[in-house]
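Thanks for coming. I will talk through the aromatic residues of one structure, and then through one of its helices.

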Amino acid sequence: MFRAILLLAAGCGLAVNAAAQAPTAPLHSDLSTARYDRADTLRAVMHLFVQRSKATRGWLQMGTSTVATAAVEKAALASSGMKKRDKSFYEARQQEANGDLLIGGLATTYGLFRLSRFGPQQYQRVTEAYEQGAPLPAYLTRKLKTKYFRYRPF
């Protein structure tokens, strides 16, 4: 029993010593300076912006189409005589249209927020500033992953 405890303690000590001597991986904020030059970082930023702008377009398209459909439905319901004929159906359709307006408005707002961060104008500003020696914004540094650095140029 004593021998087993002694072996366990020695093993733990070796593991701690090995972990202390192991090289540490660079933090995500060190990606652009540790292993990659400025051209690699710019290419990774380009891939990040391409990926995020596709998703942004999706949010904007979904949101605006939902808002437009709901607005047309509300206008059609208002101009029809449905309110007099079937009030419960009319109110249910109006409530669905209101919900669609809300969801579409939220999706459009989120798409506009993403566009402000990953749109073409922001890409232009970020790359120009980075080429002049300024650091990348913190939100971009957090988003850059090693997979973006592995992509080949277009």
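**Rings and a helix**

Let me start with a charge and a ring: Arg 38 lies over the face of Tyr 130, with 4.0 Å to the ring centre. Please keep in mind that this is a predicted model. A second case of this kind is Arg 117, placed over the face of Tyr 139 at 4.2 Å from the ring centre.

Now to rings with rings. How many aromatic pairs does a search of the whole structure find? The search gives 4 aromatic pairs. Take Phe 49 and Phe 118: the ring centres are 5.5 Å apart and the planes stand at 65°, which is over the 60 degrees needed, so this pair is edge-to-face. Which parts of the chain does this pair link? Distant ones: Phe 49 belongs to helix H3, residues 38-79, while Phe 118 belongs to helix H5, residues 87-118, and 69 residues separate them. Phe 49 and Phe 118 are both buried.

Another edge-to-face pair is made by Trp 59 and Tyr 110, at 4.9 Å centre to centre and with 80° between the planes. Here too distant parts of the chain are linked, with Trp 59 in helix H3 and Tyr 110 in helix H5, 51 residues apart. Are these two residues buried or exposed? Trp 59 has a relative accessibility of 34%, so it counts as partly exposed. Tyr 110 is partly exposed because its relative accessible area is 34%, which falls between the cut-offs of 20% and 50%.

Some of the rings go beyond a single pair: Phe 49, Phe 118, Tyr 123 and Tyr 139 are linked by ring pairs into a cluster.

That leaves the helix, H6, which covers residues 120-131. With 12 residues at 1.5 Å a residue, H6 should span 16 Å, and its end C-alpha atoms are indeed 16 Å apart, so the two values agree. Which residues of H6 are buried? They are Gln 122, Val 126, Thr 127 and Tyr 130. Looking down the axis of H6, these buried residues fall within an arc of 125°, so they line one face of the helix. The exposed residues on the other side of H6 are Pro 120, Gln 121, Arg 125 and Glu 131. Tyr 130, on the buried list, is the residue we began with, the one whose ring has Arg 38 over its face.

One last item, just past the helix: Gly 133 follows H6 and has a positive phi, near 105°.

Methods:
Residues numbered from 1 in each chain as written. Predicted model: local features only at pLDDT ≥ 70, side-chain atom pairs only at ≥ 80, totals over all residues. Heavy atoms only, no water. Phe/Tyr/Trp six-rings, centres within 6.5 Å; stacked < 30°, edge-to-face > 60°. Helix = DSSP H or I, 4+ residues; strand = E, 2+ residues; numbered from the N terminus. Buried < 20%, exposed > 50% of the residue type's maximum accessible area, 1.4 Å probe, protein only. Lys NZ or Arg CZ within 6 Å of the ring centre and 35° of its normal. Expected span 1.5 Å × (residues − 1). Arc of directions from axis to C-beta.
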